[in-house]
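Work through the exercises below with the coordinates open, and try each task before reading its solution.

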Amino acid sequence: MEIIGVRFKKKGKIYYFNPCGQKIAANTPIIVETIRGVEYGKVVLSNRNVDNIEIPVKNIIRVATPEDTRQEEENCQREREAVDLFLTEIKHHGLDMHLIDVEITFDFTKIIFYFTAEGRIDFRELVKSLAIIFRMRIELRQIGVRDEAKILNSIGICGRTLCCATFLDDFQPVSIKMAKDQGLSLNPTKISGACGRLMCCLKYEEETYDYLSKKLPHIGETVTTLNGSGEVVSVNVLCQTVKVATKLPKQDVFTIEEYPVAEIKAAGKKKCAKECEKCAK
């Protein structure tokens, strides 16, 4: 089956559609029908064939015309105007809500407000007021802190723009074990992102760390170096180097030197800080 990939936001998820035999290049604006209604999007993946696709794929409506592009620009202006109106209404109703984003569907039939709040919000009266003002279907969506960071964007502790706001399409579960496996400090301020949750990079870097760690000895393992046998005291996964404490001949003095992993050989059983059945074997 031939498909194209379409994105409706600059940093949103990619959705797949049937181009209906048309050759559509990347960055081409098109009009499609989604579960939210008719929408304006841009092609990010040009025509390609796939053998199996699990979800049903809808046909595109048409390639966007200049009139469609002008209408989309008008909708963006309406979205900016809707922000002030929404903030006025939540203040009038005394609701503790923080508006994050506003979206208006291309066919101008529905407006969606994304917000954050500490707990559940009874916004039934607010919806009635907004329906009178905008005269279209009103939808309010409460989102989490990770989605808030994705929409607003920021600078991470690495000095680069947030991964979720640039190239990550979906959020993946992140665990503290990933930080441990990568030898990072477990201080929450050092492994948490702008959203306050564990950094997304811990997840997509985990596979690389797993691959590189298999080539390294464990801390506490006895190895043979050019200067004799010694015990591993630390490892550098990315540089693929090992620090080994070697006892000097006829002395009770140890020297610690760093070696590339290719220059050492295992000389004994691996010792873990916490004994387990796997290491005992």
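The exercises that follow concern a predicted model, and they treat a helix, a sheet and several ring contacts in turn.

**Exercise 1. The span and the buried side of helix 1**

Task: Determine how the end-to-end reach of helix 1 relates to the expected span, and list which residues of helix 1 are buried.

Solution. Begin with the span: helix 1 covers residues 66-93, which makes 28 residues, and its first and last C-alpha atoms are 40 Å apart, close to the 40 Å expected at 1.5 Å a residue. Next, take the accessibility of each residue, where buried means under 20% relative accessible area; the residues of helix 1 that pass this test are Asp68, Glu72, Asn75, Glu79, Ala82, Phe86, Glu89 and Ile90. To read such a list, recall that an α-helix has 3.6 residues a turn, so residues three or four places apart point the same way. Finally, look just past the end of helix 1, where glycine 94 takes a positive phi of about 70°.

**Exercise 2. The surroundings of phenylalanine 86**

Task: Establish whether phenylalanine 86 is buried or exposed, and find which residues beyond its sequence neighbours it contacts.

Solution. Phenylalanine 86 belongs to helix 1, and its relative accessible area is 0%, so it counts as buried. With the neighbours within four places in sequence set aside, phenylalanine 86 is in contact with Met97, Leu99, Phe113, Leu126, Leu130 and Leu140. One of these partners, phenylalanine 113, is 27 residues away along the chain, while the two C-alpha atoms are separated by 8.6 Å.

A second residue can be treated by the procedure just used. Serine 129 lies in helix 2, which comprises residues 124-134, and with a relative accessibility of 19% serine 129 is classed as buried. Once the neighbours within four places in sequence are left out, serine 129 is in contact with Glu89 and His93.

**Exercise 3. The order of an open sheet**

Task: Trace the open sheet of 5 strands and decide which strands stand at its edges.

Solution. The strand order is 12-11-10-9-13, and the pairing is antiparallel. Strand 12 (254-260) and strand 13 each have a single partner strand, so they stand at the edges and one side of each is left without a neighbour in the sheet. At one end of the order, strand 11 (residues 241-247) is joined to the antiparallel strand 12 by 7 bridges, and lysine 243 stands opposite glutamate 258 in strand 12.

Moving along to strand 9 (residues 222-225), one finds that a hairpin of 2 residues joins it to strand 10, and that 4 bridges link strand 9 with strand 10 (residues 228-236) in an antiparallel manner. On its other pairing, strand 9 is joined by 2 bridges to strand 13 (residues 265-266), again antiparallel. Threonine 224 takes part in both pairings, since it stands opposite serine 229 in strand 10 and has lysine 265 as its bridge partner in strand 13.

In a regular strand the side chains alternate between the two faces of the sheet. For strand 9 the covered face carries Val223 and Thr225, whereas the uncovered face carries Thr222 and Thr224.

**Exercise 4. Aromatic pairs and charges over rings**

Task: State how many aromatic pairs the structure holds, and classify the pair of tyrosine 40 and phenylalanine 106 as stacked or edge-to-face.

Solution. The structure holds 7 aromatic pairs. For tyrosine 40 and phenylalanine 106 the ring centres are 6.1 Å apart and the planes make an angle of 25°, and this pair is stacked. Tyrosine 40 lies in strand 4 (residues 37-49) and phenylalanine 106 in the loop between strand 6 (98-104) and strand 7 (110-116), so the pair ties together parts 66 residues apart in sequence. Both rings belong to buried residues, with relative accessibilities of 13% for tyrosine 40 and 6% for phenylalanine 106.

As a further step, search for positive charges over ring faces. Lysine 9 lies over the face of tyrosine 114, at 4.8 Å from the ring centre, and arginine 78 lies over the face of phenylalanine 108, at 4.2 Å from the ring centre. The search for rings also yields one aromatic cluster, formed by Phe8, Tyr15 and Phe17.

Notes. Residues are numbered from 1 along each chain as its sequence is written. This is a predicted model: local features need pLDDT of at least 70, side-chain atom pairs count only at pLDDT 80 or more; totals for chains, interfaces and linings use all residues. Side-chain values use heavy atoms; hydrogens and water are left out. The expected span of a helix is 1.5 Å times one less than its number of residues. Buried means under 20% relative accessible area, exposed over 50%, partly exposed in between (1.4 Å probe, protein chains only). Two strands pair if DSSP finds at least two bridges between them. Contact means heavy atoms within 4.5 Å. Rings of Phe, Tyr and Trp (its six-membered ring) pair if their centres lie within 6.5 Å; planes under 30 degrees apart count as stacked, over 60 as edge-to-face and the rest as tilted. A charge sits over a ring if NZ of Lys or CZ of Arg is within 6 Å of the ring centre and within 35 degrees of the ring normal.
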